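Please work through the following exercises with the sequence and the model in view. Each task is followed by a solution in steps.

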Amino acid sequence: MKCLPFRAAVKFQHCVSRKKLNMGASSGQRLSGMQKQVLSLYRGFLRAARAKPPIERRQIKSLVTAEFRHNAKQVDRKNFMYIEYLLRRGKKQLDQLKSPDIVGLSSLSVDSSQTKRL
């Protein structure tokens, strides 16, 4: 077994740790508090889906993924009031989904153009 010289080993370790750091955000920017809340909510839905039967689990995952992708494309990033509304609504839906009596989700469409911007 061949060992790397000390300098090469240090350089290799540096490259590996840099790759690990850059895996989170693609552009290297830190996430805002609201972005962290959205990601946390998304992960919460995926975790809650694991507790459901396999057929419902797939439906929940596809609905959640589609809803988050749709909102990421359609909602203006500066419309904080609407994003906060979506977060509150999502948290309520997540709490309901965590209940053992609930087996699935349904989708509700709200037109973001009807919301007022400050």
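The exercises below move from the overall fold to aromatic pairs and then to a salt bridge.

The model is predicted, so local features need pLDDT of at least 70, side-chain atom pairs count only at pLDDT 80 or more, and totals for chains, interfaces and linings use all residues. Residues are numbered from 1 along each chain as its sequence is written, and side-chain values use heavy atoms, with hydrogens and water left out.

**Exercise 1. Describe the secondary structure and the surface of the chain.**

Step 1. Helices (H or I, at least four residues) and strands (E, at least two) are taken as DSSP runs, numbered from the N terminus. The chain has four helices and zero strands, in the order α-α-α-α from the N terminus.

Step 2. Of the 118 residues in the chain, 17% are buried; buried means under 20% relative accessible area, exposed over 50%, and partly exposed in between (1.4 Å probe, protein chains only).

Step 3. A contact means heavy atoms within 4.5 Å. Among contacts between residues at least 6 apart in sequence, 68% join residues at least 24 apart.

**Exercise 2. Determine how many aromatic pairs there are, and characterise those that involve Phe68.**

Step 1. Rings of Phe, Tyr and Trp (its six-membered ring) pair if their centres lie within 6.5 Å; planes under 30 degrees apart count as stacked, over 60 as edge-to-face and the rest as tilted. The count by this rule is three aromatic pairs.

Step 2. One of them joins Tyr42 and Phe68, edge-to-face, at 5.1 Å centre to centre with 65 degrees between the planes. Tyr42 lies in helix α2 (residues 33-50) and Phe68 in helix α3 (residues 54-74), so this pair ties together parts 26 residues apart in sequence.

Step 3. The ring centres of Phe45 and Phe68 are 6.4 Å apart and their planes stand at 70 degrees, so this pair too is edge-to-face. Phe45 lies in helix α2 and Phe68 in helix α3, so the parts tied together are 23 residues apart in sequence.

Step 4. Tyr42, Phe45 and Phe68 form one aromatic cluster. Within it, Tyr42 is partly exposed at 23% relative accessible area, whereas Phe45 is buried at 3%.

**Exercise 3. Locate the salt bridge and state the burial of its partners.**

Step 1. The criterion is a side-chain nitrogen of Lys or Arg within 4 Å of a carboxyl oxygen of Asp or Glu. A search of the whole structure finds one salt bridge.

Step 2. Glu67 and Arg89 form a salt bridge, with their closest N and O atoms 3.7 Å apart. Glu67 lies in helix α3 and Arg89 in helix α4 (residues 80-98), so the pair ties together parts 22 residues apart in sequence.

Step 3. Glu67 is partly exposed, with a relative accessible area of 23%, while Arg89 is buried at 15%.
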